[in-house]
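Visitor: I should like to go through this model and ask on what grounds each description of it rests. Please set each value against its criterion.

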Amino acid sequence: EQTGLLVRTGNGFFAETAVCTHLGCITQWHPEANLIECPCHGSRYKRNGTVVHGPAPRPLPHFSLRLMPDGTLMVDKLDIVQQSQVLKV
């Protein structure tokens with residue numbers, strides 16, 4: 001099971017992994033810096049998962065996100081989507 005982040009923007013929501021793309025450590029959101037950081041080897045990501053500082057070789061993958069009929073959000077971690085894709089609600 002992967003750990004993920006649910007992010008709300010002015011345009012909607014997106015879900016991304018919290019697993020660093022370097023060696024799989026769990027990242028942490030640091031609101032004071034407006035960055036996602038890996039405590040193991042220092043990788044840093046923008047809120048949208050784009051790498052700001054390595055050694056991470058690639059951005060944090062985003063997952064498919066759907067609004068279910070009962071109002072809950074479903075994250076499909078098997079369906080990787082473009083970083084630009086957001087769920088508008």
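Guide: What follows takes the overall build, the two sheets, the salt bridges and one loop residue in turn. The model is predicted.

Visitor: What makes up the secondary structure of the protein?

Guide: The protein has eight strands and zero helices. Read from the N terminus, the elements run β-β-β-β-β-β-β-β.

Visitor: Why is the protein called as compact as a globular protein of its length?

Guide: The radius of gyration is 13 Å, and the globule rule gives 12 Å for 89 residues; the two values are close, so the protein is as compact as a globular protein of that length. The C-alpha trace spans about 40 × 25 × 20 Å along its principal axes.

Visitor: How much of the protein counts as buried, and what does its accessible surface come to?

Guide: Buried residues make up 29% of the 89, the criterion being a relative accessible area under 20%. The accessible surface comes to about 5,600 Å², and carbon and sulfur atoms account for 52% of that area.

Visitor: What share of the contacts joins residues at least 24 apart in sequence?

Guide: That share is 33%, counted among contacts between residues at least 6 apart.

Visitor: Which strands form the sheet that contains strand 2, and in what order?

Guide: Strands 1-2-7-8, in that order, form an open sheet with antiparallel pairing. Strand 1 and strand 8 are its edges: each has a single partner strand, so one side of each lacks a neighbour in the sheet. On average, neighbouring strands of this sheet are turned by 30° against each other, direction ignored.

Visitor: How do you know that strand 2 pairs with strand 1 and with strand 7?

Guide: Pairing requires at least two bridges between the strands. Strand 1 (residues 4–9) and strand 2 are joined by six bridges and run antiparallel, and two bridges join strand 2 to strand 7, again in the antiparallel sense. Both pairs therefore satisfy the criterion of at least two bridges. Within the first pair, Val7 has Phe14 as its bridge partner; within the second, Glu16 stands opposite His62. Strand 1 and strand 2 also form a hairpin, with two residues between them.

Visitor: Why is strand 2 described as largely enclosed?

Guide: Six of the six residues of strand 2 (residues 12–17) are buried, so the strand is largely enclosed by the rest of the structure. Both of its faces are covered, with Gly12, Phe14 and Glu16 buried on one side and Phe13, Ala15 and Thr17 buried on the other.

Visitor: What makes strand 3 and strand 6 the edges of their sheet?

Guide: Their sheet is open and antiparallel, with the strand order 3-4-5-6. Strand 3 (28–30) and strand 6 (51–53) each have a single partner strand, so one side of each is without a neighbour in the sheet. Strand 3 is joined to strand 4 (residues 35–37) by three bridges, and Gln28 stands opposite Glu37 in strand 4.

Visitor: Why is the contact between Glu37 and Arg44 called a salt bridge?

Guide: The criterion is a nitrogen-to-oxygen distance within 4 Å. The side chains of Glu37 and Arg44 meet at 3.6 Å, N to O, and the pair therefore qualifies. Glu37, at 21% relative accessibility, counts as partly exposed, as does Arg44 at 34%; partly exposed denotes values between 20% and 50%.

Visitor: How many salt bridges does the whole structure contain?

Guide: There are two. Asp76 and Arg66 also form one, at 3.9 Å, N to O. Asp76 lies in strand 8 (residues 73–81) and Arg66 in strand 7 (residues 62–67), so the pair ties together parts that are ten residues apart in sequence. Asp76 is partly exposed at 22%, and Arg66 is partly exposed at 40%.

Visitor: Is Thr21 buried or exposed, and on what grounds?

Guide: Thr21 has a relative accessible area of 10%, which is under the 20% limit, and therefore counts as buried. Thr21 is located in the loop between strand 2 and strand 3. Neighbours within four places in sequence aside, Thr21 is in contact with Tyr45, Ala56, Pro57, Arg58, Pro59, Leu60 and Pro61.

Conventions
Residues numbered from 1 in each chain as written. Predicted model: local features only at pLDDT ≥ 70, side-chain atom pairs only at ≥ 80, totals over all residues. Heavy atoms only, no water. Helix = DSSP H or I, 4+ residues; strand = E, 2+ residues; numbered from the N terminus. Buried < 20%, exposed > 50% of the residue type's maximum accessible area, 1.4 Å probe, protein only. Rg over C-alpha atoms; globule rule 2.2 N^0.38 Å. Contact = heavy atoms within 4.5 Å. Areas by Shrake-Rupley, 256 points an atom, 1.4 Å probe, with all protein chains shown as cover. Axes fitted to C-alpha atoms, helices over the stretch in contact; angles between N-to-C directions.
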